[in-house]
Amino acid sequence: MTEVRDRSRPFLEVFEALDPKTHRRALRSAMRREGNNLKRIAVAQIGSSGLGKGSRAKVAKGVRVRTFPDRYGAGFMLTVKPHGKKGYHKNRQGREKPVLMWAEDGTRPRYTKSKTRFFVRIRKGHFTGRMKAYRFLKRTEDTGTPQVERGLFDTFRQNLDKEARKRGL
């Protein structure tokens, strides 16, 4: 019996010829590549916001991409929260601070001194500052999501084609 093949859908033939483990690996690789593309957009957003202009160390190196493990499904996460030694910025005094985490959400207003106990005169201190919220991850999500959605399937298809060529299909 001869198989009827649809020439208009070559991707389906390649997809069915490969095993599920190869599918997962190709999808994970596509997620990693698109995550790194989104990371580049985030670094550009940080540069355009003016954050870290007065420093020799690169502030944007704290942006991290994490590809989810297979048991949680396909996906990736872009974050500026520190983890281990990654995500910290070394300031001029040599101290490591999570600057990008603070810059994304901003910090609360801080004052010197504090209120004393109940029924006692309230001591007032002067305002010592706060960091404004730059929201560069939000802007990255708004501008980068359409690009990731367009490129994800193409990257996945390229990975499967590459794997099929390796196997001689």
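# Reading helix 4 and the spaces around it

Guide: In this predicted model, helix 4 bends by about 45° at Gly144, and a proline, Pro146, follows within four residues.

Visitor: Where does helix 4 sit in the overall layout of the chain?

Guide: Let's start with the inventory. The chain holds four helices and six strands, and from the N terminus they run α-α-β-β-β-β-α-β-β-α. Helix 4 covers residues 136–167. Of the 169 residues in the chain, 28% are buried. Among contacts with a separation of 6 or more, 61% join residues 24 or more positions apart.

Visitor: How should I read burial along a helix, and which residues of helix 4 are buried?

Guide: The general idea first: an α-helix has 3.6 residues a turn, so residues three or four places apart point the same way. Now the case here. The buried residues of helix 4 are Phe136, Leu137, Thr140, Gly144, Val148, Gly151, Thr155, Phe156, Asn159, Leu160, Glu163 and Ala164. Gly144, the site of the bend, is on that list.

Visitor: Glu163 catches my eye. Why does Glu163 count as buried?

Guide: The cut-off for buried is under 20% relative accessible area, and Glu163 comes in at 17%, so it counts as buried. This helix 4 residue touches Leu18 and Thr22, leaving out residues up to four places away in sequence. Glu163 and Thr22 both belong to the lining of the second largest pocket.

Visitor: What else lines the second largest pocket?

Guide: Alongside those two, the lining has Arg25, Ala26, Ser29, Arg33, Gln158, Asn159, Lys162 and Lys166. Helix 2 (20–49) and helix 4 each supply at least two of the lining residues. By class, one is nonpolar, four are polar and five are charged. The pocket holds about 240 Å³ of space.

Visitor: And how is empty space found in the first place?

Guide: Rolling a probe the size of a water molecule over the atoms shows where empty space is left. In this model the largest pocket has a volume of about 300 Å³. Its lining has 14 residues, and Ser55, His89, Asn91, Arg92 and Val99 lie nearest the centre. Five of the lining residues are nonpolar, six polar and three charged.

Visitor: Pockets are open. How many cavities of 30 Å³ or more are there?

Guide: The count is one cavity, with about 40 Å³ of space. Around that cavity you find Lys58, Val59, Lys61, Gly62, Gly87, Tyr88, His89, Val99 and Leu100. The classes here are four nonpolar, three polar and two charged. His89 and Val99 appear in this lining and also among the residues nearest the centre of the largest pocket.

Visitor: Let's turn to the nonpolar core. Which residues have the most contacts inside the largest one?

Guide: Inside this core of 19 residues, they are Ile46, Leu51, Val63, Leu100 and Phe136. The elements giving two or more residues to the core are helix 2, strand 2 (76–79), helix 3 (99–105) and helix 4. Helix 2 gives the largest share, five residues. Take Ile46 as an example: beyond its neighbours within four places in sequence, Ile46 is in contact with Leu51, Ala60, Val63, Leu100 and Phe136. Apart from this core lies another, of seven residues, including Val14, Ala26, Phe156 and Leu160.

Visitor: Which residues does Ala74 contact?

Guide: Ala74 is in the loop between strand 1 (64–67) and strand 2. Setting aside neighbours within four places in sequence, Ala74 is in contact with Leu27 and Met31. The C-alpha atoms of Ala74 and Met31 are separated by 7.4 Å, with their positions 43 residues apart along the chain.

Visitor: Back to helix 4, then. What should I look for in the backbone around its two ends?

Guide: Check the sign of phi. Arg135, in the loop between strand 6 (127–129) and helix 4, has a positive phi of about 55° although it is not a glycine. With 40% relative accessibility, Arg135 counts as partly exposed. After helix 4 comes Gly168, and its phi is also positive, near 80°.

Methods: Residues are numbered from 1 along each chain as its sequence is written. This is a predicted model: local features need pLDDT of at least 70, side-chain atom pairs count only at pLDDT 80 or more; totals for chains, interfaces and linings use all residues. Side-chain values use heavy atoms; hydrogens and water are left out. On a 1 Å grid over the protein atoms alone, a cavity is a set of points where a 1.4 Å probe fits but cannot get out, and a pocket is an open set with protein on both sides within 12 Å along at least five of seven lines; lining residues have an atom within 4 Å of a point. Grid points are joined across faces, edges and corners, and a volume is the space filled by probe spheres set on the points. Ala, Val, Leu, Ile, Met, Phe, Trp, Tyr, Cys and Pro count as nonpolar, Asp, Glu, Lys and Arg as charged, and the others, Gly among them, as polar. Buried means under 20% relative accessible area, exposed over 50%, partly exposed in between (1.4 Å probe, protein chains only). Contact means heavy atoms within 4.5 Å. A nonpolar core is a set of buried Ala, Val, Leu, Ile, Met, Phe, Trp, Tyr and Cys residues joined through side-chain atoms within 4.5 Å. The bend at a residue is the angle between axes fitted to the seven residues ending there and the seven starting there.
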